[in-house]
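Dear colleague,

I am handing over the structure below, together with an account of what was found in it. Please read the notes with the sequence and the structure at hand.

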Amino acid sequence: MWENDICDRKEKYPEVVKMANGDWTLDYSYALGRDYGNSYCNLGFYVNERKCVEVIGNIFDNPELLKGC
């Protein structure tokens, strides 16, 4: 998993891996019409505790995954 990967954790929108406040996050700010870093959740929690994160692409090769949100 790398920064700018697009992940699916079975929520309403795919989320983007970003660094925020010194921690890795799943950022969904774009879906709310905001800049990255405004709306996110902790990546480690969902990967380690819930084990429900799947990488489905990245923002460079698969930008269409973020459209229509």
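Is Lys51 buried or exposed? With a relative accessible area of 66%, Lys51 is exposed. Please bear in mind that this is a predicted model.

Lys51 is found in the loop between α1 and β5, and this residue follows directly on the account of helix α1 given below. The phi of Lys51 is near 50 degrees, a positive value in a residue other than glycine. Most residues other than glycine have a negative phi. Asn21 also has a positive phi, near 55 degrees. Asn21 belongs to the loop between β2 and β3 and counts as exposed because its relative accessibility is 72%.

The sheet and the helix

Five strands form an open sheet, in the order β4-β3-β2-β1-β5, with antiparallel pairing. At its edges are β4 (40-42) and β5, each of which pairs on one side only. On average, and with direction ignored, neighbouring strands of this sheet are turned by 45 degrees against each other. Between β3 and β4, which run antiparallel, there are three bridges. Helix α1 packs on the sheet, where it touches β2, β3 and β4; the direction of α1 makes about 45 degrees with that of β4.

Asn42 appears in two of these findings. In β4, Asn42 stands opposite Thr25. Asn42 also caps the N-terminal end of helix α1 (residues 43-50), with a side-chain oxygen 3.0 Å from the backbone nitrogen of Gly44. After α1 comes Lys51, with its positive phi.

Salt bridges

Side chains of opposite charge can pair when their charged atoms come close. The structure holds four salt bridges, among them the three described here.

One of them links Glu15 and Arg9, at 2.7 Å from N to O. Glu15 counts as buried because its relative accessibility is 2%, and Arg9 is likewise buried, with a relative accessible area of 11%.

Lys10 forms a salt bridge with Asp8, in which the closest N and O atoms are 3.3 Å apart. At 60% relative accessibility, Lys10 counts as exposed. Lys10 also forms a salt bridge with Glu54, with the closest N and O atoms 3.8 Å apart. Lys10 lies in the loop between β1 (5-8) and β2 (15-20), while Glu54 lies in strand β5 (residues 54-58), so this pair ties together parts that are 44 residues apart in sequence. Glu54 is partly exposed, its relative accessible area being 42%. Through shared partners, the salt bridges join Asp8, Lys10 and Glu54 into one network.

A buried acid without a salt bridge

Which side chain of opposite charge is nearest to Asp27? It is Lys18, 7.2 Å away. Asp27 is buried yet has no salt bridge; a salt bridge requires the nitrogen and the carboxyl oxygen to be within 4 Å, so the distance to Lys18 does not qualify. A polar atom of the Asp27 side chain does, however, lie 2.7 Å from the backbone nitrogen of Gly37.

Asp27 is part of strand β3 (residues 23-27). Leaving aside residues up to four places away in sequence, Asp27 touches Glu15, Val16, Lys18, Tyr36, Gly37, Asn38, Ser39 and Tyr40. Glu15, in this list of contacts, is the buried partner of Arg9 described above.

With kind regards

Terms used
Residues are numbered from 1 along each chain as its sequence is written. This is a predicted model: local features need pLDDT of at least 70, side-chain atom pairs count only at pLDDT 80 or more; totals for chains, interfaces and linings use all residues. Side-chain values use heavy atoms; hydrogens and water are left out. Helices (H or I, at least four residues) and strands (E, at least two) are DSSP runs, numbered from the N terminus. Buried means under 20% relative accessible area, exposed over 50%, partly exposed in between (1.4 Å probe, protein chains only). Lys and Arg count as positive and Asp and Glu as negative; His and the chain ends are not counted. A polar contact is a pair of N or O atoms within 3.5 Å; within protein, one must be able to donate a hydrogen and the other to accept it, and residues adjacent in sequence count only if both atoms are side-chain atoms. Contact means heavy atoms within 4.5 Å. Two strands pair if DSSP finds at least two bridges between them. Axes are lines fitted to C-alpha atoms, for helices over the stretch in contact, and angles run from 0 to 180 degrees between N-to-C directions.
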